[in-house]
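User: I would like to go through the terms used for this structure and see what each of them rests on. Could we take them one at a time?

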Amino acid sequence: MKTFPFSALARERNEVFPELDVADVLLERRDAENVWLVRDERYQAARAALLTLARSMTIVARSNQVLAEEALAEDLPWLTWLPEHERPQCVRELLAHLLAGADTGELLPYARARRSWTSTALAWSDPEIARDLANPFDGTGGQPVEGDE
């Protein structure tokens, strides 16, 4: 991957575009998200590979949930902080989003689900929060403040 300032696309495109023959190009922007340039052939190859991996992992998960959890835990070690009863749901949701994203090319829902599950795992990793999460909720949103009763 080669990195250029975003302005190079307009000023030095004769330097930027030839790089796409050998690598992807990252255009760095100061005031907005960076822009990634990739030749369609490489993008389609990566998308096809991701789809194959997502489908394969989904098949493994259907056949052997424990193995799927172990495989994902290699990449997502925070899974260990989730209670055992939540791990299968996490694996199912992440794989469903990954498969849908690989099929459509839209991976932001997967990224959002992953961040959400990571946050959940982080909450469970804190003993005090975990204790609160393990107790039944009274539906009031917490303890009443003095004088609210």
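**Reasoning behind the terms**

Analyst: Helix H3 gives the largest share of the lining of the largest pocket, namely four residues. The model is a predicted one, and the pocket is a reasonable place to begin.

User: What makes a residue part of the lining of the largest pocket, and which residues are these?

Analyst: A lining residue must have an atom within 4 Å of a point of the pocket, and the residues listed for the largest pocket are Tyr-43, Ala-46, Arg-47, Leu-50, Gly-101, Ala-102, Gly-105 and Leu-107. At least two residues of this lining come from each of helix H3 (40-63) and helix H5 (87-104), and the volume of the largest pocket is about 190 Å³.

User: How is the lining of the largest pocket divided by class?

Analyst: The lining has five nonpolar, two polar and one charged residues. Gly counts as polar and Arg as charged, so Gly-101 and Gly-105 are polar and Arg-47 is charged.

User: Why are H4 and H5 called roughly perpendicular?

Analyst: The axes of helix H4 (residues 65-75) and H5 cross at roughly 70° and come within 10 Å. Angles of 65 to 115 degrees count as roughly perpendicular, and H4 and H5 are therefore described in that way. Their contact is made by Gln-65, Ala-68, Glu-69 and Leu-72 of H4, together with Arg-87, Pro-88, Val-91 and Leu-95 of H5; by class, it has five nonpolar, one polar and two charged residues.

User: What makes H6 roughly perpendicular to H7?

Analyst: The axes of helix H6 (residues 108-125) and helix H7 (residues 127-134) cross at roughly 105° and come within 5 Å. Because the range for this term is 65 to 115 degrees, H6 is roughly perpendicular to H7. On the H6 side the contact is made by Ala-123, Trp-124 and Ser-125, and on the H7 side by Pro-127, Ile-129, Ala-130, Leu-133 and Ala-134, which divide into seven nonpolar, one polar and no charged residues.

Conventions: Residues numbered from 1 in each chain as written. Predicted model: local features only at pLDDT ≥ 70, side-chain atom pairs only at ≥ 80, totals over all residues. Heavy atoms only, no water. Axes fitted to C-alpha atoms, helices over the stretch in contact; angles between N-to-C directions. Parallel < 35°, antiparallel > 145°, perpendicular 65-115°, else oblique. Contact = heavy atoms within 4.5 Å. 1 Å grid on protein atoms, 1.4 Å probe; cavity = no way out; pocket = protein on both sides within 12 Å on 5 of 7 lines; lining within 4 Å. Points joined across faces, edges and corners; volume = space filled by probe spheres on them.
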